[in-house]
Amino acid sequence: MSDTKLTYAKINDDLLAMLEKPHPSYFLLVLGFLVALMLGVLSVALQVDVGIGYAGMSHPIGWGFYITNFVFWIGIGHAGTLISAVFYLTRAPWRNAIYRSAEAMTVFAVMTAGMFPILHTGRPWLGYFLIPYPNQRMLWINFKSPLAWDVFAVTTYMTVSILFFVMGLIPDMAILRDEAIRRGQKLKALIYTPMALAWRGTNHQWLHYMRGYLIFAALATPLVFSVHSIVSWDFAMSSIPGWHTTIFAPYFVAGAIFSGLAMVMTVLIPVRVVFGLEEYITDHVVQSVCRVILFTSMIVGYAYATEFFIAFYSGNPFEKAIFYFRPFGAMTDWTLLGDHDFGFPQIAFWLMVFCNVIAPLPLWRFKIRTNLVAVWIITILINIGMWFERFNIVGSSLQRDFLPHAWGSYWPTIVEVGLTIGGFGFFFTLFALFVKALPPMAIMELKEAIHPPMKGGK
């Protein structure tokens with residue numbers, strides 16, 4: 001962020017202008033997201049009416065698009081807390097312009113993720129059965145199950161993420177309150193006053209605020225690494241070929257950071273262009289995020305190669321078979337030229353490799369990292385690739401278990417596709433509303449990075 005052009009007054013004016021009456025094109029954008037959301041609602045209605053059999057899942061493939069979406073959206077939710085907590089503790093200055101939006105994305109992504117296990121049950125009105133508590137049905141919780149760990153991990157992560165997000169808003173709510181009072185906007189003042197929690201910016205308040213923020217950052221940092229590790233154990237604790245591996249925890253965490261940062265750029269690059277925020281979301285910020293994306297892309301690519309090496313080196317025929325099945329299809333022999341059955345898992349595998357390993361490579365070039373269109377396209381490809389990576393893990397192993405007579409195949413139905421699109425519609429609708437309702441950047445922290453106004457200044 002440049003410290004030569006920005007002033008306290010300009011930061012206030014620019015960010016408060018984003019909250020003014022939106023352009024008609026904004027309503028058109030929100031309408032598009034709502035259409036996608038309504039497609040998901042229609043798909044839910046169809047599934048409830050016809051039954052879970054309307055989805056493409058059947059024995060032995062008990063997990064399909066819904067669990068894929070759950071894992072994908074939990075991963076997207078990693079970027080916000082990573083940028084807010086980890087980069088705050090490491091004092092990365094470029095985080096100031098993007099961490100508020102990333103935190104909001106975390107909350108919305110975890111909310112989106114939380115819907116899919118409930119929909120996966122086929123009876124969403126009984127979703128509370130998923131909550132692990134001793135109850136009157138004499139069903140005691142299996143605390144040895146990673147599915148129970150998942151509930152604790154995801155709910156804890158969501159709670160801390162929401163509190164972290166709300167806490168960071170307090171000083172900015174006070175600015176909005178004061179501006180609303182100054183401009184005579186009584187309704188806005190009435191809304192912002194309780195949200196500001198009587199913030200006056202005194203030395204005493206700042207002292208406690210900064211201590212509290214530091215404590216939250218310290219608490220949230222291990223959660224960034226623990227929540228997706230626990231999600232990975234949903235798979236790694238089983239004995240299914242392709243799942244039973246110790247690499248899953250770091251592999252999932254690296255993939256989550258990778259996809260989360262890609263989603264941050266996918267969303268914030270259009271926001272920068274539409275609202276003219278070049279002085280805030282600068283090329284330096286974009287390049288810094290691109291460097292982290294490159295680093296995590298290398299980790300993800302290394303994890304892919306390691307999985308294949310472990311399958312080969314283990315001598316386990318079931319592991320070898322599943323890692324042959326993922327790229328090449330049904331095994332008729334050990335050559336790559338046989339008459340193989342090429343299905344959805346193979347499409348998912350090659351899209352995963354291209355989007356996550358090959359597509360980010362141009363980011364090594366400075367010219368590409370400073371080209372917003374190129375960065376935006378690459379981050380969209382990464383999001384596509386990471387979704388297919390989650391499907392590659394969830395869907396392919398279940399199709400090729402130990403016994404050939406129990407093998408099956410999986411193709412998604414229109415209901416599952418509709419619900420997947422609806423999930424994206426839900427996420428982007430919430431984010432679009434957030435951008436116009438609350439400051440998408442932390443006003444106070446942006447001011448910290450510039451020289452304070454002196455006598456007669458702004």
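Of the 458 residues of the protein chain, 54% count as buried, a label that requires under 20% relative accessible area with a 1.4 Å probe and protein chains only, while exposed means over 50% and partly exposed lies in between. This is a predicted model, in which local features need pLDDT of at least 70 and side-chain atom pairs count only at pLDDT 80 or more, whereas totals for chains, interfaces and linings use all residues. Residues are numbered from 1 along each chain as its sequence is written, and side-chain values use heavy atoms, with hydrogens and water left out.

Begin with the whole chain in cartoon view, where there are 16 helices and zero strands; these are DSSP runs numbered from the N terminus, helices being H or I with at least four residues and strands E with at least two. The radius of gyration is 24 Å, close to the 23 Å of the globule rule for 458 residues, so the chain is as compact as a globular protein of that length; the radius is taken over C-alpha atoms, and the rule is 2.2 Å times the number of residues to the power 0.38. The C-alpha trace spans about 80 × 60 × 40 Å along its principal axes.

Next, select the aromatic side chains, among which a search of the whole structure finds 40 aromatic pairs. Rings of Phe, Tyr and Trp (its six-membered ring) pair if their centres lie within 6.5 Å, and planes under 30 degrees apart count as stacked, over 60 as edge-to-face and the rest as tilted.

Select Phe108 and Phe434, whose ring centres are 6.2 Å apart with planes at 70 degrees, so the pair is edge-to-face. Phe108 belongs to helix α5 (residues 99-120) and Phe434 to helix α15 (residues 414-437), so that the pair links distant parts of the chain, 326 residues apart. Both Phe108 and Phe434 are buried.

Move on to Phe318 and Phe402, an edge-to-face pair at 4.9 Å centre to centre with 75 degrees between the planes. Phe318 lies in helix α11 (residues 317-328) and Phe402 in the loop between α14 (372-399) and α15, so the pair ties together parts 84 residues apart in sequence. Phe318 counts as partly exposed at 36% relative accessibility, and Phe402 counts as partly exposed at 32%.

Then select Trp63, Phe235, Trp243, Phe248, Tyr251, Phe252 and Tyr304, which ring pairs link into a cluster. Keep Phe252 in view and add Arg390, whose charged end sits over the ring of Phe252, 5.2 Å from its centre; a charge sits over a ring if NZ of Lys or CZ of Arg is within 6 Å of the ring centre and within 35 degrees of the ring normal. Finally, select Arg326, which lies over the face of Phe323 at 4.7 Å from the ring centre.
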